[in-house]
Amino acid sequence: MSVKLSALVSVGRIPIWVSLAARFSSIPCAAVGIETHSENDRGPPKASDFEANPKFLRNKLAPESLIRVLDSTSDVESAVKVFRWVSLQRAFRHTVGTYSTMILKLGLAGKIQEIDGFCRSMIADGCIGAEAEAALASLVDQFVKRGKLDEAMRVLANMNLGDHRPSVDIFNVVLGALVEEKRKLRDVMFVYKEMVKAGRVPTVETLNYLLEALLEADLVDSALDQYRRMDKKGCAPNSRTFEILVRNLLSKNRVDESCMVLRKMLELGTELDLGFYSCVIPLVLSENMLEIAMCLFKKMKASNFPPEPVIDNSVIHHLCNNFLVDEAKDILESMVDCGVAPSDDAFEDIVNAFCLLWQLDEAIEFLEDKQVSATSAYNRLLEGCCSAGKVLLAKELFEKMSHRNIVDCCTWNILMRWLCEHSRLREALGFLGKMSVSGFIPNSLTLSALVVGCCKLGKYDNAFEIFDHVCAKCWILDSLSYSKLVEGLCEERKTLEAAEVFNYMAESGVPLESCSFSKLIKVIYDTKGVDEALKVRILALKCGTMCTSDAYTIILHGLARKGSAKYFLAMYSLMLVEGCIIGVEAYCILIKTMILQNRMKDAASLFNLMVSEGSLPETDVLSELVSHFANFSQLNMISNGIDRVVSNHEILDSDTYGLLINGFWKEGNKSKAQRLLDLMLEKGWVPDAKTHGLVIGSKAGEEVDCRNLASDYSTIRDCVSDILSESLGDD
């Protein structure tokens, strides 16, 4: 809405509302229009236009009264009309307070363009000086706090136009809000330019906001350039500067630059705050830059900050991942000495490292020495004992855990899983009974373990019954039990059951292992045909199951037999998209299909690609390919592939050689035909009469120096040049 006000007729005072926009190009907004009003406008506004009582203002026309009326007016249009009416009263003069109230009301209503007019009128109306500057600064602050950043930018720009010179702190407040809301770089740059116009020197806080905005806009090189030039602007990078740079550089995989920044930081000896360490150390650890992380960690400890358990636990985790168990133990002990309780994950990480190093005794000693009661750490040790095949030690540990009452459902599952995987289903079932008696309810992992146990013993019907219980509970099997069950049902040719398991798990978004999926595709194709196999493949795409070359080959076979050639390229595209290695059989099916469709370009591309990957087509496919291209005089399309086949492999028979020699000769590639004939003769094969006659007939009309030809091929006993010499002679 445009503010429409007439020029005031009061002596010596003509407020200008919105006619100055053309003179101030730095403010990106349109001017607010002006209309001339008649003298009748001096009457009170209609009651429908505003809520305040006109009589109240007429009887008590003062800035404070107007402010109260503006505050109580519910809609901004009515407030503008009230403000206009009061402006036309000769006895009234607006103050900083009335203008501020009106501007705030416009801004909160989202009337961005109208703000400009009121700000300029405020200045033109003589509301200047320290009071006006403080009021405008307060408006900026209020707009920022209420998330009205565009409005804050408008007020800030108008302060510059009125020579109020906002302080650097005001600019920083707006910049900080823009960066926090991840506004576009142009907004940040607009405020920064206004700051330069105001003659304010940027602080390190200002430059930090600028760096963050540049990095958010992916202008990494520009940000690094600004960072290097900070000293020229009289600023030294601080802890926040380095936090912004390292965090953003690592998130953009600019590891080398982040290392450079960190080295410079350490070289400068910058005083770092706890926020820097809390942010940067975990990020550096996630990139496995352990040496730098430990350097920062030691620097943090030397700064005598209060203990930071999150950082300590993160360092312990990554030290254990790198099997630096002693260093991890030292940090954990220092946490305990400072009265900070390490997390259960920290104990589990250390135990896990011991187990991976096959140091089970050390793990047990560590848990007992630290009097650990965390179930997760003991469960990890129990897994380690089972993985090492130390079942007696595992059972002994289980008894200790039971005695200390730190057993949970996972503890029972670990033991039962190991027993099932080692075909000891009877013992696992015994544990299942004890588990129920102890008050623990079996979960999906329990049933998954039993499925594995049944499959190991070939009891696939029992495994499928357990799967029915899983479905009834709306649970899912884990990856291993899922694959074992599908494979077992496929081996038993229980196609419907295997498909049911796959459908249920796929609808739950669980992918099937590629090898198991290939077996499923095979059995479905054998029993239900290629159409059902394709439906299963489509469902596999939805749940993220990767299809192997074997599975694709089965589908391609089915499509070829059915004559559904139009789907071949779609299948081939899927294989390429998934990065599937295309096998010889799949290539051969694709090539034969392209030949049948007379898609010579596609057939040639597939053949050349196949040979370049080191694969060779079957002899019958190669013969069919050569014959087809020779018939259409297009052997040049597969020339490169043929060269590789001839040079490195022994799969061409004499008939194929004959086709190639005849074909290349007819296409004008006589040098290649001669070379192939030479190779054919080297193998002791005699060309048929057609091939021999073609070569002789083509050369009879040419002037050939047979002695030179004989000399060139003198090292070959029965080469093609000898034949030509004998046949042509000198006239």
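Which residues are linked with Glu212 in a network of salt bridges? In this predicted model, the network joins Glu212 to Arg240, Glu243 and Arg247. The structure as a whole holds 33 salt bridges, and several of these are described below after an account of the overall fold.

The secondary structure consists of 40 helices and 0 strands. The protein comprises 731 residues, of which 48% are classed as buried. Among contacts with a sequence separation of 6 or more, 65% are made by residues 24 or more positions apart. The accessible surface amounts to about 35200 Å², and 50% of this area is supplied by carbon and sulfur atoms.

Individual salt bridges were then examined. Arg229 and Asp225 are joined through their side chains, with an N to O distance of 3.3 Å. Both partners fall in the intermediate class of accessibility: Arg229 is partly exposed at 34%, and Asp225 is partly exposed at 33%.

A second salt bridge is formed by Lys400 and Glu368, whose closest N and O atoms lie 3.7 Å apart. This pair connects distant parts of the chain, since Lys400 belongs to helix 21 (residues 391-403) and Glu368 to helix 19 (residues 360-369), with their positions 32 residues apart. Lys400 has a relative accessibility of 40% and is therefore partly exposed; Glu368, at 48%, is likewise partly exposed.

In a third salt bridge, Glu578 pairs with Arg537, and the closest N and O atoms are 2.2 Å apart. Here too, distant parts of the chain are linked: Glu578 is located in the loop between helix 31 (568-577) and helix 32 (584-596), whereas Arg537 is part of helix 29 (residues 530-543), 41 residues away in sequence. Glu578 counts as buried because its relative accessibility is 18%, a value under the 20% limit. Arg537 is also buried, with a relative accessible area of 1%.

Two surface patches were identified. Asp550, Glu585, Glu618 and Asp620 together form a patch of negative charge. Of these residues, Asp550 is found in helix 30 (residues 549-562) and is exposed, its relative accessible area being 54%. The other patch is nonpolar, covers about 260 Å² and is made by Phe323, Leu356 and Leu357. Phe323 occupies the loop between helix 16 (309-321) and helix 17 (325-337) and is partly exposed, with a relative accessible area of 41%.

The setting of Asp550 contrasts with that of Ala551, which also lies in helix 30. Whereas Asp550 is exposed, Ala551 is buried at 0% relative accessibility. Beyond residues up to four places away in sequence, Ala551 touches Phe517, Ser518 and Ile521. Its C-alpha atom is separated by 7.1 Å from that of Lys522, a residue 29 positions away along the chain.

A further buried position is Thr495, which lies in helix 27 (residues 495-507) and has a relative accessible area of 9%. When neighbours within four places in sequence are set aside, Thr495 is in contact with Val523, Ile524, Thr527 and Lys528.

Key. Residues numbered from 1 in each chain as written. Predicted model: local features only at pLDDT ≥ 70, side-chain atom pairs only at ≥ 80, totals over all residues. Heavy atoms only, no water. Helix = DSSP H or I, 4+ residues; strand = E, 2+ residues; numbered from the N terminus. Buried < 20%, exposed > 50% of the residue type's maximum accessible area, 1.4 Å probe, protein only. Contact = heavy atoms within 4.5 Å. Areas by Shrake-Rupley, 256 points an atom, 1.4 Å probe, with all protein chains shown as cover. Patch = residues over 30% accessible without salt bridge, like charges linked within 9 Å, V, L, I, M, F, W, Y side chains within 5 Å. Salt bridge = Lys/Arg side-chain N within 4 Å of Asp/Glu carboxyl O. Lys, Arg positive; Asp, Glu negative; His and termini not counted. Charge placed at Lys NZ, Arg CZ, Asp CG, Glu CD.
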